[in-house]
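Visitor: I should like to learn how a helix packing and a pocket are read from a model. Could we take them in turn?

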Amino acid sequence: MESLLPQTYLLGLIGLLAIVAVVVGRQLLRVRRDEQNLIRLEQADAAGSRDAGDLYELASVQLRKRLYPQATATLRQAVKRLGNEPQEARALIQNALGFSLAAQKDFSTAIRHYKSALQAKAEYPVALNNLAFAEERLLNRDAACELYRKVLRLEPDNQTAKKRLKRLEKAAKRQLSSRSETTPTNKSPESSDGRGF
């Protein structure tokens, strides 16, 4: 009985290390793939390309690597070169630009680009979620709640919208209950005979 405990412990430790090795290995492969894509795109001079698709691909890699200022510049070039691109491509590029700006805490400009994405594709749940988040960060909670509800009408199983909406509704309830606790029942103080001052 006592000899099983060390063996079980060792097997558990080996299993845990194997899981960690797989997770770390996958992350390393993903980073390596992004590095190779970035090098390939830079060597192909994608930044100087006239094709919005190439610029979007470069910006996507830059976003994954969290190179937000570079991604913003690349996506702005892509917006200028949209030309005859389909509405879906316009929506993707505008949403990515909004995301890049939001990552740099420029929420008001990000909102403008999210709205442009929604003009190109009205029922775009990712852009709606991003717009709602930016509105939330600018403390426009009512607008954010309405946007999250719209996402849930489009995609009832959208976990991001469910979680954020639930959090906003809880915060609104807490705020409402704290206001009602601090609000006096009478608007003006009265003397003991009820006639005021």
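**Reading a helix pair and a pocket**

Guide: The model is a predicted one. In it, the axes of helix α2 (residues 52–64) and helix α3 (residues 68–80) come within 8 Å and cross at roughly 165 degrees.

Visitor: What describes two packed helices?

Guide: The description rests on the angle between the two axes and the distance between them. Here the angle is roughly 165 degrees, and angles over 145 count as roughly antiparallel. α2 and α3 are therefore roughly antiparallel to each other.

Visitor: Is the crossing of α2 and α3 left-handed or right-handed?

Guide: The crossing of α2 and α3 is left-handed.

Visitor: Which residues of α2 and α3 meet?

Guide: From α2 come A52, L55, Y56, L58, A59, Q62 and L63; they meet Y68, Q70, A71, T74, L75, Q77 and A78 of α3. Sorted by class, this contact comprises ten nonpolar residues, four polar ones and no charged ones.

Visitor: Let us turn to the pocket. How much space lies in the largest pocket?

Guide: The largest pocket holds about 210 Å³. Its lining has 13 residues, of which F99, A102, Y114, N130 and F133 are the closest to the pocket centre.

Visitor: Which helices each supply at least two residues of that lining?

Guide: They are α4 (87–103), α5 (107–120), α6 (125–137) and α8 (159–182). The most comes from α6, which gives four residues.

Visitor: How do the residues of the lining divide by class?

Guide: The lining of the largest pocket has seven nonpolar, three polar and three charged residues.

Methods. Residues are numbered from 1 along each chain as its sequence is written. This is a predicted model: local features need pLDDT of at least 70, side-chain atom pairs count only at pLDDT 80 or more; totals for chains, interfaces and linings use all residues. Side-chain values use heavy atoms; hydrogens and water are left out. Axes are lines fitted to C-alpha atoms, for helices over the stretch in contact, and angles run from 0 to 180 degrees between N-to-C directions. Angles under 35 degrees count as roughly parallel, over 145 as roughly antiparallel, 65 to 115 as roughly perpendicular and the rest as oblique. A crossing is left-handed if the near helix is turned anticlockwise from the far one by less than a right angle, and right-handed if clockwise. Contact means heavy atoms within 4.5 Å. Ala, Val, Leu, Ile, Met, Phe, Trp, Tyr, Cys and Pro count as nonpolar, Asp, Glu, Lys and Arg as charged, and the others, Gly among them, as polar. On a 1 Å grid over the protein atoms alone, a cavity is a set of points where a 1.4 Å probe fits but cannot get out, and a pocket is an open set with protein on both sides within 12 Å along at least five of seven lines; lining residues have an atom within 4 Å of a point. Grid points are joined across faces, edges and corners, and a volume is the space filled by probe spheres set on the points.
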